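Colleague: Please take a close look at a single part of this model, the nonpolar surface patch and the helices that carry it.

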Amino acid sequence: MTKIGVLGVGSLAEYLIRGAQGSPFNFIVSPRGAERAKSLAARYGVKIAASNQAVVDQTDMVLVCLPAAEGLEILQGLVFRQGQSVLSTMAGAGLGPLQAACAPAVGFCSMMPGFANAFRAGPSLLFPPDPAWQHFLSHLGPVHEFDAPEPFETAAVFGAMSGASMFLMRQLVDWYSAHGLPPNTARRLVAETFRGNAEVLLQASEPLEDIVRGVTTPGGITEALVSTLRAQNALGAWEDAMDKVLARMSPDRV
């Protein structure tokens with residue numbers, strides 16, 4: 001078993017630990033978030049270290065799930081050693097600042113949706129490529145590796161896109177419920193529709209434009225719905241919002 005140290009014990013850390021059950025990895029977590037750490041120990045057998053530094057001292061692979069606003073500062077206060085590997089999930093924390101904070105350890109950046117990884121269904125990003133971290137992340141879902149910062153930063157916006165899609169699905173579930181569907185039926189109908197369409201994108205060989213054209217009958221209900229959304233810029237607003245997230249995460253690219 002490979003031991004991974006986890007700095008920060010919030011929801012994301014819990015999702016990743018949950019998804020990694022049955023894999024060849026076990027975990028030692030920081031005492032930050034004491035109640036959640038105790039819960040993880042009881043449910044998944046993780047070990048609780050005495051401090052953040054104790055996590056670093058006892059592991060060669062360190063997974064950083066700290067809040068982005070203070071994470072780099074916390075890392076700068078820790079002592080890492082040669083041969084350690086640090087994977088950051090902190091949105092907007094670039095590779096350069098991360099490597100400076102954890103030197104002489106080697107730093108890597110990642111992004112994932114979180115909750116989906118608890119079910120081993122969510123994709124993860126990894127920059128730069130690394131066999132050890134790729135092996136770990138592969139137990140949580142598909143892994144996309146990048147060897148340059150710009151495509152990684154662009155892809156990393158999917159973390160916000162994933163979260164926002166939950167709001168979209170909730171809006172749709174609420175609409176169906178308000179129009180008479182039982183809430184459980186509404187929830188399953190929306191989820192099954194999105195899952196089915198996702199499988200089309202993953203499995204169909206046709207170009208995406210052909211797929212869109214094929215599901216849009218002239219004068220039909222899909223065209224009517226999409227026309228209304230476009231009239232209110234509901235589709236274009238997604239691009240605008242994602243541009244803002246990219247600018248926040250990578251201000252040097254604005």
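Modeller: What follows describes the patch, then the helix packing, then a salt bridge.
The model is predicted, so local features need pLDDT of at least 70 and side-chain atom pairs count only at pLDDT 80 or more, while totals for chains, interfaces and linings use all residues. Residues are numbered from 1 along each chain as its sequence is written, and side-chain values use heavy atoms, with hydrogens and water left out.

Met 161, Leu 168, Leu 172, Phe 194 and Trp 238 form a nonpolar patch on the surface, with about 380 Å² of accessible area together (Shrake-Rupley method, 1.4 Å probe). Patch residues have over 30% relative accessible area and no salt bridge, and nonpolar side chains are joined within 5 Å. Helix α9 (residues 158-178) contributes the most, with three residues; helices are DSSP runs of H or I with at least four residues. Phe 194 belongs to helix α10 (residues 183-203) and, at 34% relative accessibility, counts as partly exposed (buried is under 20%, exposed over 50%, partly exposed in between).

The axes of α9 and α10 lie 8 Å apart at an angle of about 135°, on a scale from 0 to 180 degrees between N-to-C directions. This makes α9 oblique to α10, a class outside under 35, 65 to 115 and over 145 degrees. The crossing is right-handed, the near helix being turned clockwise from the far one by less than a right angle.

Within α10, Arg 188 and Glu 192 lie four residues apart, about one turn of the helix. Arg 188 forms a salt bridge with Glu 192, the closest N and O atoms being 3.0 Å apart (side-chain nitrogen of Lys or Arg within 4 Å of a carboxyl oxygen of Asp or Glu). Arg 188 is exposed at 52%, whereas Glu 192 is partly exposed at 36%.

Notes
Patch = residues over 30% accessible without salt bridge, like charges linked within 9 Å, V, L, I, M, F, W, Y side chains within 5 Å. Helix = DSSP H or I, 4+ residues; strand = E, 2+ residues; numbered from the N terminus. Buried < 20%, exposed > 50% of the residue type's maximum accessible area, 1.4 Å probe, protein only.
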